[in-house]
Every structure is written in C-alpha cells, then in structure tokens.
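Q: Hi! Could you walk me through this protein chain?
A: Happy to, let's look at it together.

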Amino acid sequence: MQKSGSLSKNTSLRLTPQQSLRRLGLCSQVATGQHSSPIVFPEKRGKVKASRHGDLSVSSDDIKKTKREDHRIDIVDEQSDLLGYEVFSGKLILDARKTSKNNASQTSTENMNQDAVDAKLTSKAFVWGSCVLSLEDVISVSYNVGVRHFTVHTYPMKKAPCGLSCFMRSGRSRKDIRFLASNSEEAIQWVSGFADQQCYVNCLPHPLKQASDMVVSDGPSESHIKCKSPPKMLVILNPRSGRGRSSKVFHGMVEPIFKLAGFKMEVVKTTSAGHARNLASSVDFSTCPDGIICVGGDGIVNEVLNGLLGRDNQKEAISIPIGIIPTGSDNSLVWTVLGVRDPVSAAIAIVKGGLTATDVFAVEWIQTGVVHFGMTVSYFGFVSDGVGTF
Ligand SMILES: Nc1ncnc2c1ncn2[C@@H]1O[C@H](COP(=O)(O)OP(=O)(O)OP(=O)(O)O)[C@@H](O)[C@H]1O
C-alpha cells in the first residue's frame with residue numbers, strides 16, 4: 001500500500017504548557033493568573049459547526065457552505081479556518097465491521113467501502129472522505145502498539161428525526177470508529193496526532209504480547225506516543241439527589257465516559273447532609289489534584305464550595321476545579337454557567353477540560369459571625385429549610 005502519511009509543519013504548533021493545563025482541566029488561579037474568583041468550571045467553548053448540526057457526517061458542500069457563512073458572519077477574522085490547522089494527513093481505511101453502529105450516523109459509515117480514503121487530522125476536527133468529526137466529540141483513542149489499526153471513541157450528537165428537532169431533545173451516544181492505517185508507523189503518527197490535540201490515548205501492548213506474554217521486540221513501544229497523564233479526581237455523589245436516581249445515572253452514563261477518558265477516580269457517596277462539606281474541607285488534595293466532581297443538584301455543589309472555602313489552606317483550595325454532573329432536581333448552576341443540563345454533555349465538558357470562573361457571594365450572620373458562601377441565590381424566610389444559600 002502506498003505510504004501516504006504526512007506530518008504537517010504545523011505539528012510544531014504544540015500547546016504551550018499553560019494551554020495544556022487549561023485543556024486538561026488543571027488550570028488554577030496560579031497556572032493562568034486570570035481567575036479572580038475561586039470556583040472554576042469547564043468552559044463553554046466554540047464548536048465546529050459541522051458536527052453540532054447533529055450528524056457525524058457532513059458533505060463537503062455543507063462544509064463549504066458553512067465556511068462561507070462563517071466568513072460572512074465573522075468578518076474580523078477572515079483567515080479563520082473552520083477546521084483549524086492541519087496536524088497530520090494520509091490515507092485511512094474505515095473498518096466498517098469493527099465500527100459500532102448504534103446511532104443516527106450509522107448510514108454514513110455503512111456507505112463507506114473498504115478503500116483507503118484521504119484523511120486528515122486538524123486542530124479542530126478529524127476528516128475522512130466526506131465525513132467530519134469534531135474533536136469536541138472525541139473522548140479518546142485506543143491503540144495496540146505495533147498494529148495498523150486504531151479506534152476513535154466518540155460521543156456525537158444524535159440527530160432528531162426530520163421536522164421534530166424543535167420538539168425533541170437531541171442527545172449524545174457512544175460511537176467507536178476503527179481505522180486502518182497503511183502500516184503501524186503511520187498508525188502511531190495518527191495516534192500521536194490525537195494525543196497532541198489533548199485526546200487521551202489508551203495505549204495497550206501489542207495484541208500478541210497481551211495474549212501470551214510473548215516478547216514482541218522489533219516494533220515501536222508505548223513510549224513512542226506521548227499521552228497526557230490520566231487526571232485524578234474525587235467524585236462526591238449524593239445518592240438521594242434527583243429522587244434517588246443519581247447513582248444509576250452516574251454509573252450507567254457518566255462513569256463509562258470518564259473511564260474511556262482514562263480518569264482515575266475515587267467515588268464517595270454521601271451518607272447524610274453535611275458529608276460532602278466535610279469531605280471537601282478535609283480531603284488531601286494530592287489524591288485529587290485535578291478536581292472534585294459533584295454528582296447531584298445545587299445543594300451538593302454548595303456543600304463542596306463551603307467545605308473548600310472554609311479550609312485553613314483556602315488559597316490552595318480555591319485552585320481546585322469543581323466539576324458538576326447534574327443529577328439533582330435543581331441544577332440551575334451548571335445550566336447557567338455551562339449551558340448544559342444533561343449528565344452526558346456535562347461529563348464530556350469535564351473530559352474536554354477548560355475552566356470557567358464564577359463569582360461567589362458570602363452571607364454573614366450578624367448574631368453568630370458565621371459566613372456562608374453561595375453562587376446562585378440566597379433565601380431567607382419560610383422556604384423548605386427555613387434558610388437556604390446555593
Ligand atoms: N445521603 C444523603 N442523605 C440525605 N441528604 C443528603 C445526602 N447527601 C446530601 N444530602 C443533602 O441533600 C441536599 C440536596 O441535595 P442535591 O442538591 O444534591 O439534590 P437535589 O435532588 O437537587 O435536592 P432537592 O430535591 O433538595 O432539590 C444537599 O444540600 C445535601 O445537604
């Protein structure tokens with residue numbers, strides 16, 4: 001087969017350490033020097049329009065049309081390219097047999113034959129043939145060192161049936177897409193390109209080595225691919241939130257995404273009101289340097305906020321990112337800050353990293369001097385708990 005891979009000169013456009021930190025969700029006040037308030041969330045970023053319209057595949061006409069519209073709207077940035085800069089290009093074969101067929105984009109892969117097509121990886125998208133996949137939808141890549149094939153794990157948006165898009169909520173579902181490169185060296189270059197774009201790479205030993213402990217010595221090793229290290233998180237889950245559905249939602253829909261992204265997680269389920277606050281006020285940050293993920297409603301987030309801000313080492317505490325998986329009956333914070341309200345989109349936002357600073361207010365009780373922190377609203381009077389701050 002023709003050797004066709006080409007590493008673009010733009011590959012040297014690596015992320016600066018600060019950019020990498022932001023993408024990995026490691027950003028802190030110290031790292032970026034731009035956050036004025038303690039609590040940070042995955043930021044809402046611009047999306048590649050092609051895949052946001054629902055389907056995994058977009059025809060090149062659509063791309064041109066979208067590009068024209070993009071340029072028409074954004075006249076300030078005339079040089080902007082919808083697909084970003086090129087990272088790697090070459091020929092790939094879509095392995096339709098091993099590609100999962102579980103969503104609306106099925107037809108786009110069924111139509112593909114086993115011929116090699118032109119493919120390219122850019123800083124914003126992965127393009128093969130007439131298909132465009134936004135990197136925002138890519139969770140990770142799996143690769144067995146020394147083989148020709150690699151699998152891209154994605155969560156693209158499902159397309160609502162024609163005419164019903166304004167009535168139905170579109171969702172995301174998993175789709176694994178397997179590709180064959182011309183040879184193992186090229187496969188490694190593709191996979192390294194994904195790693196450069198901050199996609200987690202699940203690098204596994206050669207299949208023969210896996211199966212029989214055989215020594216496969218001549219090929220490349222895992223160390224050829226510079227993967228980002230797996231983030232370490234503490235997950236605090238309120239099993240009572242969302243009328244008791246949060247554990248099911250977390251284990252069924254969210255945990256598989258985090259595992260696919262290589263997260264190392266400790267999951268703690270709260271046993272009573274105040275438990276999350278105690279955890280946040282006493283946790284050793286070296287066990288969760290990449291953040292605390294709250295699974296529940298606004299109440300559990302508020303407990304974590306107050307636990308962190310009540311610590312003696314407050315300065316260090318405010319640099320710990322808080323992620324939110326909305327499974328409660330009231331999830332106004334994540335909706336206001338991120339514009340998402342379903343657990344899968346929130347999980348993907350956490351995986352993709354980025355941070356959003358939010359303001360925090362403090363309410364001081366005159367009689368006792370006790371300070372309570374909040375981010376959305378503070379009630380006083382005859383509400384369910386008498387007094388509430390969220
Ligand atoms: N295991 C638990 N048992 C009882 N209450 C708990 C438990 N864990 C946390 N809580 C309390 O439950 C409150 C509400 O939790 P959360 O906001 O996560 O869920 P929710 O479904 O949105 O709740 P609500 O129905 O009150 O809106 C929190 O403020 C917290 O103090």
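Q: In the protein chain, what share of contacts between residues at least 6 apart in sequence join residues at least 24 apart?
A: That share is 73%. Two residues are in contact if their C-beta atoms, placed from the backbone, lie within 7 Å.

Q: Anything I should know about the model first?
A: This is a predicted model, where local features need pLDDT of at least 70 and side-chain atom pairs count only at pLDDT 80 or more, while totals for chains, interfaces and linings use all residues. Residues are numbered from 1 along each chain as its sequence is written.

Q: Cool. How many helices and strands are in the protein chain?
A: The chain has 14 helices and 19 strands. Both are DSSP runs numbered from the N terminus: helices are H or I with at least four residues, strands are E with at least two.

Q: And how much of the protein chain is buried?
A: Buried residues are 38% of its 390 residues. A residue is buried if 20 or more other C-beta atoms lie within 10 Å of its own, exposed if 12 or fewer, and partly exposed in between, with C-beta atoms placed from the backbone.

Q: Let's zoom in. Which residues in H10 are buried?
A: Ala 276, Arg 277 and Ala 280 are buried there. Seen down the axis of H10, they fall within an arc of 100 degrees (taken from the directions from the helix axis to the C-beta atoms), so they line one face of the helix.

Q: What do the buried residues of H10 pack against?
A: They pack against strand S11 (232-237), strand S13 (292-296) and H11.

Q: Which residues of H11 does H10 meet?
A: Residues of H10, including Leu 279, meet Ile 300, Glu 303, Val 304, Asn 306, Gly 307 and Leu 308 in H11.

Q: New topic: what is odd about the phi of Gln 198?
A: Gln 198 has a positive phi of about 70 degrees although it is not a glycine. Most residues other than glycine have a negative phi. Gln 198 sits in the loop between helix H6 (184-196) and strand S10 (200-204).

Q: Why does Gln 198 count as partly exposed?
A: Because Gln 198 has 18 C-beta neighbours inside 10 Å.

Q: And Arg 243, is that buried or exposed?
A: Arg 243 counts as exposed, because it has 9 C-beta neighbours inside 10 Å. Arg 243 is in helix H8 (residues 241-244), and it has a positive phi of about 55 degrees.
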